[in-house]
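Me: I am new to this structure and would like a close look at a single part. Please pick one strand and show how the rest is arranged around it.

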Amino acid sequence: RDLKIVVAGHTDDRRIAKKPARERFPNNFHLSTARALAVADRLRDHGLQEERIGVGGFGSHEPVAPNVTPKDRQKNRRVEIFVLNRDVPIVGWTETTPSLYR
């Protein structure tokens with residue numbers, strides 16, 4: 001019940017191809033963060049408390065496959081969901097910041 005959820009978005013290493021998408025997401029960091037936010041919104045819609053959710057975008061910097069083939073690039077366009085114990089410290093998450101830093 002007190003678990004924290006961290007949603008991390010990722011992209012491949014290609015430039016965003018279509019102009020409407022490029023206007024909305026100027027680079028892969030924006031796109032990866034938007035992916036993570038979309039998943040976080042769905043989690044909230046299903047009743048998860050907002051204060052338990054953290055979101056981050058990695059752009060193309062944490063690939064799980066080489067960006068050589070279309071199939072590999074597709075693997076890199078993903079969202080990861082991490083479920084963490086509430087005591088796991090996360091930078092910027094004030095409830096887990098050691099009291100020394102508060």
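Reply: What follows starts with the whole chain, turns to strand 1, and then moves outward to the surface.

This is a predicted model. The protein has three helices and three strands. Along the sequence they follow the pattern β-α-α-β-α-β. The C-alpha atoms fill a box of roughly 45 × 25 × 25 Å along the principal axes. Of the 102 residues, 28% count as buried. The protein exposes about 7200 Å², and carbon and sulfur atoms supply 53% of that area. Contacts are also worth a look. Among those with a separation of 6 or more, 67% are between residues 24 or more positions apart.

Now to strand 1. This strand covers residues 4-9. Is strand 1 enclosed or open? Six of its six residues are buried, so the strand is largely enclosed by the rest of the structure. In a regular strand the side chains alternate between the two faces of the sheet. Here both faces are covered. Lys-4, Val-6 and Ala-8 are buried on one side. Ile-5, Val-7 and Gly-9 are buried on the other.

Which strands pair with strand 1? One is strand 3, residues 79-84. Six bridges join strand 1 to strand 3, and the two run antiparallel. In this pairing, Ile-5 stands opposite Val-83. The other partner is strand 2, residues 53-57. Five bridges join strand 1 to strand 2, and these two run parallel. Here Val-7 has Val-55 as its bridge partner.

Ile-5 and Val-7 have a further role in the picture. Both belong to the largest nonpolar core, which has six residues in all. The other members are Ala-36, Ala-40, Leu-48 and Ile-53. Strand 1 and helix 2 (28-45) are the elements that give two or more residues to this core. Look at Ala-40 next. Leaving aside residues up to four places away in sequence, Ala-40 touches Val-7, Ile-53 and Val-55. Val-7 is thus met twice: as the bridge partner of Val-55, and as a contact of Ala-40.

Next come the ends of the strand. Side chains of opposite charge can pair when their charged atoms come close. The count for the protein comes to eight salt bridges. One of them joins Arg-86 and Asp-2, with the closest N and O atoms 3.6 Å apart. Arg-86 lies in the segment after strand 3 and Asp-2 in the segment before strand 1, so the pair ties together parts that are 84 residues apart in sequence. Arg-86 is partly exposed, with a relative accessible area of 44%. Asp-2 is also partly exposed, at 47%.

Beyond the other end of strand 1, Asp-12 sits in the loop that leads to helix 1. The side chains of Asp-12 and Arg-77 meet in a salt bridge, at 2.6 Å from N to O. Arg-77 lies in the loop between helix 3 (70-76) and strand 3, so this pair ties together parts that are 65 residues apart in sequence. Is Asp-12 buried or exposed? Asp-12 has a relative accessible area of 7% and is therefore buried, the cut-off being under 20%. Arg-77 is partly exposed at 37%.

Another salt bridge links Arg-44 with Glu-50, the closest N and O atoms being 3.5 Å apart. Together with Asp-41, these two are linked in a network of salt bridges. Arg-44 is partly exposed at 36% relative accessibility. Glu-50 counts as exposed at 53%.

Finally, the surface. Leu-3, Ile-81 and Val-83 form a nonpolar patch there. Together they have about 250 Å² of accessible area. Val-83 is found in strand 3, and it stands opposite Ile-5. Ile-5 itself is buried. For another exposed residue, turn to Lys-19 in helix 1 (residues 19-24). Lys-19 counts as exposed at 51% relative accessibility, because the cut-off is over 50%. Lys-19 and Phe-58 are 39 residues apart along the chain, and their C-alpha atoms are separated by 22 Å.

In short, strand 1 is covered on both faces. Strand 1 is joined to strand 3 by six bridges and to strand 2 by five.

Key: Residues are numbered from 1 along each chain as its sequence is written. This is a predicted model: local features need pLDDT of at least 70, side-chain atom pairs count only at pLDDT 80 or more; totals for chains, interfaces and linings use all residues. Side-chain values use heavy atoms; hydrogens and water are left out. Patches are made of residues with over 30% relative accessible area and no salt bridge: like charges are joined within 9 Å, nonpolar side chains (Val, Leu, Ile, Met, Phe, Trp, Tyr) within 5 Å. Accessible areas come from the Shrake-Rupley method with a 1.4 Å probe; for residues, only the protein chains shown count as cover. A salt bridge is a side-chain nitrogen of Lys or Arg within 4 Å of a carboxyl oxygen of Asp or Glu. Helices (H or I, at least four residues) and strands (E, at least two) are DSSP runs, numbered from the N terminus. Buried means under 20% relative accessible area, exposed over 50%, partly exposed in between (1.4 Å probe, protein chains only). Two strands pair if DSSP finds at least two bridges between them. Contact means heavy atoms within 4.5 Å. A nonpolar core is a set of buried Ala, Val, Leu, Ile, Met, Phe, Trp, Tyr and Cys residues joined through side-chain atoms within 4.5 Å.
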